[in-house]
Amino acid sequence: MTAQPRHSRITGTGSFLPPRRVTNAELAAELAQRGIETSDEWIVERTGIRARHFAASDVTASDLALEASRHALESAGRKASEVDLIVLATSTPDMVFPSTATILQHKLGIAGCPAFDLQAVCSGFIYALAVADSMIRTGSARCALVVGSELFSRILDFDDRTTCVLFGDGAGAVVLEGSDTPGILATDLHADGAHRDILCTPGTVAGGKVLGDPLLKMDGPAVFKLAVHVLEASARKVLAQAGRSEADVDWLVPHQANIRIMQGTARRLKLAPQKLVATVDQHGNTSAASIPLALDVACKDGRVQRGDTVLLEGVGGGFTWGAVLLDF
Ligand code: ACO
């Protein structure tokens with residue numbers, strides 16, 4: 001019998017974006033037909049976003065997750081049959097139930113291993129990675145697929161210019177495996193439900209009807225202020241836990257909500273601007289998918305190399321937030 005691994009390590013990354021890319025100018029033209037005024041200049045200046053991808057109406061979160069998972073498995077050199085845990089973070093699941101993770105499992109052609117969804121909105125991938133790390137270190141799994149997949153276009157109010165220009169669709173995935181060397185060095189998770197109203201999709205399903213408003217609501221400036229503060233605190237916590245300093249961080253891969261929040265976090269941590277991995281300009285905010293999407297982009301373009309120290313950070317509805325520090 002082989003000994004239980006003491007650590008978990010990312011062995012592969014993958015991502016997928018639906019093919020339809022919508023620039024700010026295209027979105028502004030579509031919104032103008034509804035009488036909603038916005039511009040490329042406003043969106044770029046306030047958010048850094050230049051384009052996002054929107055999925056076709058028949059595409060589900062598990063479809064995007066399947067493509068991202070296949071790419072992650074290929075990059076890890078693993079077959080789907082070797083996966084013994086699926087944790088999928090999403091706020092836009094295929095159905096009320098069963099979980100999108102079980103639908104993904106079936107689409108991957110496997111059965112038997114535990115598969116579940118995790119709902120922490122834009123912090124979902126950080127939560128999912130921390131849970132999978134714990135399950136690997138306690139011997140419940142050896143080869144986990146950790147996925148973030150979102151179709152935020154489905155819950156956007158295209159009559160609300162303060163939110164509909166910010167979000168996009170996509171999926172990202174990593175393969176996380178047991179390892180004798182780290183790997184994941186430290187994790188830090190938090191939530192505070194007192195702030196649930198500043199970012200929410202309050203509708204629900206009851207008696208065969210949608211009750212309440214099923215579209216996203218956000219108090220942007222309130223989210224902005226909270227986000228910058230909690231992201232810095234969480235980053236410092238994982239660095240302290242791992243006995244590392246800001247100077248040890250090679251790459252900051254934060255949740256891609258707004259370039260100003262991301263640059264603000266990097267500045268507070270005294271990280272050089274070139275250490276910040278930013279894809280928000282091309283993807284918009286893809287919620288739980290944004291961190292694994294950005295990580296995959298930076299791995300595939302050669303920035304993130306084996307052995308680099310990477311700081312992942314998420315913040316989102318709930319309010320939830322957290323960080324993961326890892327040696328790649
Ligand atoms: N186009 C043109 N004008 C706009 C638009 C738009 N799309 N949206 C808002 N405006 C206007 C407002 O009406 C306001 O006009 P006024 O001054 O005449 O009243 C003006 O622009 C400024 O609005 P603010 O909301 O104060 O702008 P701010 O600089 O705060 O930027 C933004 C708004 C981009 C939403 C910012 O607050 C932000 O990014 N917040 C954080 C959002 C975030 O991180 N969300 C994701 C969290 S993750 C999750 O869980 C989903």
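**Ligand shell**

I began with the shell around the ligand and found that its largest share, four residues, comes from H7. The model is a predicted one, so I read every value here as computed from it. I then listed the elements that each supply at least two residues of that shell: helix H2 (40–47), helix H6 (161–164), helix H7 (220–242), H8 and strand E14 (309–316).

Which residues come nearest to the ligand? Of the 27 around it, I noted Thr38, Arg46, Cys122, Arg161 and Asn258. Two of these gave me polar distances to write down. A polar side-chain atom of Thr38 is 2.7 Å from a nitrogen atom of the ligand, and the side chain of Asn258 has an N or O atom 2.5 Å from a ligand oxygen. I also looked up Gly317, where a polar backbone atom lies 2.9 Å from an oxygen atom of the ligand. On its own the ligand exposes 1000 Å², and the protein buries 74% of that. I checked the pockets too: the ligand sits in the second largest one.

**His255 and its partners**

Next I went to His255, in the loop between strand E13 (251–254) and helix H8 (259–268). Buried or exposed? His255 counts as buried because its relative accessibility is 5%, under the 20% cut-off. Its side chain makes a polar contact of 2.7 Å with the side chain of Ser290. Beyond its neighbours in sequence within four places, His255 touches several residues, including Cys122, Asn285, Ser287 and Glu313. I was pleased to meet Cys122 again, as it is among the residues nearest the ligand.

**Helix H10 and the loop before it**

Ser290 took me to helix H10 (residues 290–300), which is largely enclosed by the rest of the structure because nine of its eleven residues are buried. Among the buried ones I noted Ser290, Ile291, Asp296 and Cys299. Just after H10, Gly302 has a positive phi of about 90°.

Ser287 sits in the loop between helix H9 (280–283) and H10. This residue is not a glycine, yet its phi is positive, about 50°. With a relative accessibility of 1%, Ser287 counts as buried.

Where does Ala89 come in? Its C-alpha is 9.4 Å from that of Ser287, although the two are 198 residues apart in sequence. Ala89 belongs to strand E4 (residues 85–89) and is buried, at 0% relative accessibility. Leaving out neighbours within four places, its contacts include Leu118, Phe125, Val147 and Ala288.

**Other backbone notes**

I found a second non-glycine with a positive phi of about 50°, Val121. This valine is in the loop between strand E5 (115–118) and helix H5 (124–137), and at 19% relative accessibility Val121 counts as buried.

Where are the cis peptide bonds I noted? One runs from Pro182 to Gly183, with omega near 10°, and Gly183 is in the loop between strand E7 (169–179) and strand E8 (184–191). Another joins Gly318 and Phe319, with omega about -5°; Phe319 is in the loop between E14 and strand E15 (320–327).

**Ser153**

My last stop was Ser153, in the loop between strand E6 (143–151) and H6. Its relative accessible area is 14%, and Ser153 is buried. What does its side chain pair with? I found a polar contact of 2.7 Å to the side chain of Asp169. Apart from residues up to four places away in sequence, Ser153 touches Phe54, Phe158 and Asp169.

Technical notes:
Residues numbered from 1 in each chain as written. Predicted model: local features only at pLDDT ≥ 70, side-chain atom pairs only at ≥ 80, totals over all residues. Heavy atoms only, no water. Buried < 20%, exposed > 50% of the residue type's maximum accessible area, 1.4 Å probe, protein only. Contact = heavy atoms within 4.5 Å. Polar contact = N/O pair within 3.5 Å; in protein donor to acceptor, adjacent residues only side chain to side chain. Near = heavy atom within 4 Å. Areas by Shrake-Rupley, 256 points an atom, 1.4 Å probe, with all protein chains shown as cover. 1 Å grid on protein atoms, 1.4 Å probe; cavity = no way out; pocket = protein on both sides within 12 Å on 5 of 7 lines; lining within 4 Å. Sits in = over half its atoms within 2 Å of the grid points.
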